[in-house]
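Work through the exercises below with the sequence and the structure in view. Each task is followed by a solution in steps.

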Amino acid sequence: MDDTEASKATFHSPLFSFSNPSASFGFGFGAAPGPPPPPPPPAVEVLLSEESPVAAGDLEPVVVDDSLSIYKGRVNTCDVFGVKNSDLVPGKYEGGLKLWEGSLDLVKTLNSDVKDDRLLVEGKNVLELGCGHGLPGIFAALKGAGLVHFQDFNAEVLRCLTIPNVKVNLFKESSQETCTSSSVGFYAGDWSEIGKLLLCGDAVHDKTTNHHTENEGYSGYDIILMAETVYALDSLPSLYQLIKKCLRYPGGVVYMAGKKHYFGVGGGTRQFLRLVKEDGTMQSDLLAEVTDGSSNVREVWKFSFK
Ligand SMILES: C[S@@+](CC[C@H](N)C(=O)[O-])C[C@H]1O[C@@H](n2cnc3c(N)ncnc32)[C@H](O)[C@@H]1O
């Protein structure tokens, strides 16, 4: 799917039906099966000031509803990763430079939940995992979140795309918003490593370590957002452990958008759901089902501690 195709699609709520006949559903891997992926890059914080010279250009609006558009840039994958015509290359580039359909499903679901008073974002601590463009996190900031942290596997994605998108939407000169550099944070690295840089929820403090860090007082994230992050079976356990570690206990909620099944890679929303059910700590609710008539359905799920 091209970047712009996602933003052209139309939505019908509350239980969404989504029509975008040109959307593709498989994952295009650039590399043929070969050597195992390299070890993950170290977890690092990326500063707002570290915007790349290859920063996003060609700004275009993504329409959320009649009164809200979020702006996104466009970056050439080849310029940043030297990878051509590829959705992702496992272990090297995990797809963050492209806007995936699930991001928009998630923003529209959040918008609908905020409007209908099912979700309060104002003043909350929010984490977007696997953010890429970061539109769901930006939406949360626009709705008054107290703090938004953006995580991506690749620091380059944060520098070239997420940070420029955050700046253009949240730090406009004309804006009345009170977003400050201390209310956003950017973190790069693998889900198995990144937890040490993020806020920690009480569930982990109480149940496993009983150790309070400098994050004390924050007690984790009230809202964790993620779109199109559950495609690779191998990474689902570390993703779920990270969520349990970082989510505020007991009131935190997770919004997850993704495809029911990712052809060729084995993951999907239902595989993640199976993990959650087997663990038994969290409950799940299906919020939206998004279909274009193809067999590959997209979903938005909400999770919270039991
Ligand atoms: C398909 S992209 C989705 C990007 C964006 N959420 C969207 O929907 O447009 C998947 C994202 O998950 C993240 N990701 C995938 N595997 C990861 C891993 N093992 N550790 C950390 N992040 C990972 C990458 O940062 C990547 O941006």
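**Exercise 1. Find the exposed residues on the face of helix 8 turned away from its buried side, then describe the buried side.**

Step 1. The model is a predicted one. On the face of helix 8 turned away from the buried side sit the exposed residues Arg274, Lys277 and Glu278.

Step 2. Helix 8 covers residues 269-279, and its buried residues are Thr269, Phe272 and Val276. Viewed down the helix axis, these buried residues lie within an arc of 70°, so they line one face of helix 8.

Step 3. The partners of this buried side are helix 7 (236-246), strand 10 (253-259), strand 11 (282-290) and strand 12 (298-305).

Step 4. After helix 8 comes Gly280, with a positive phi near 80°.

**Exercise 2. Determine how many residues of strand 10 are buried, and which way they point.**

Step 1. Count the buried residues: 7 of the 7 residues of strand 10 are buried, which leaves the strand mostly covered.

Step 2. Sort them by direction. Val253, Tyr255, Ala257 and Lys259 point one way, while Val254, Met256 and Gly258 point the other way. Lys259 is thus listed among the buried residues.

**Exercise 3. Identify the strands that pair with strand 10, and give the sense of each pairing.**

Step 1. Strand 9 (residues 223-227) pairs with strand 10 in the parallel sense, over 5 bridges. Within this pairing, Leu225 has Tyr255 of strand 10 as its bridge partner.

Step 2. Strand 12 runs antiparallel to strand 10, and 7 bridges join the two. Here Met256 has Trp301 of strand 12 as its bridge partner.

Step 3. Add the helix: strand 9, helix 7 and strand 10 form a β-α-β unit that is right-handed.

Step 4. Look at the loop between helix 7 and strand 10, where Pro250 lies. The peptide bond from Tyr249 to Pro250 is cis, with omega near 10°.

**Exercise 4. Asp117 and Glu228 each have a positive phi without being a glycine. Decide for each whether it is buried or exposed.**

Step 1. Take Asp117, whose phi is about 60°. Asp117 is found in the loop between helix 3 (101-115) and strand 6 (125-129).

Step 2. Count its neighbours. A residue is exposed at 12 or fewer C-beta neighbours within 10 Å. Asp117 has 7 of them inside 10 Å, so it counts as exposed.

Step 3. Take Glu228, whose phi is about 55°. Glu228 is in the loop between strand 9 and helix 7.

Step 4. The cut-off for a buried residue is 20 or more. Because 24 other C-beta atoms lie within 10 Å of Glu228, it is buried.

**Exercise 5. Establish how many residues of helix 4 are buried, and which they are.**

Step 1. Helix 4 spans residues 135-142, and 7 of its 8 residues are buried, so helix 4 is largely enclosed by the rest of the structure.

Step 2. The buried residues are Leu135, Pro136, Gly137, Ile138, Phe139, Ala140 and Ala141.

Step 3. Just after helix 4 comes Gly144, with a positive phi of about 95°.

**Exercise 6. Find how many residues surround the ligand, and how they divide by type.**

Step 1. The ligand is surrounded by 19 residues. The closest are Gly95, Gly96, Trp100, Gly130 and Gly132.

Step 2. By type, the shell around the ligand holds 6 nonpolar, 9 polar and 4 charged residues.

Key: Residues are numbered from 1 along each chain as its sequence is written. This is a predicted model: local features need pLDDT of at least 70, side-chain atom pairs count only at pLDDT 80 or more; totals for chains, interfaces and linings use all residues. A residue is near a molecule or strand if its C-beta atom, placed from the backbone, lies within 6 Å of it. Ala, Val, Leu, Ile, Met, Phe, Trp, Tyr, Cys and Pro count as nonpolar, Asp, Glu, Lys and Arg as charged, and the others, Gly among them, as polar. Helices (H or I, at least four residues) and strands (E, at least two) are DSSP runs, numbered from the N terminus. The arc is that of the directions from the helix axis to the C-beta atoms. Two residues are in contact if their C-beta atoms, placed from the backbone, lie within 7 Å. Two strands pair if DSSP finds at least two bridges between them. A crossover is right-handed if, with the strands pointing away from the viewer, the path from the first strand over the helix to the second runs clockwise.
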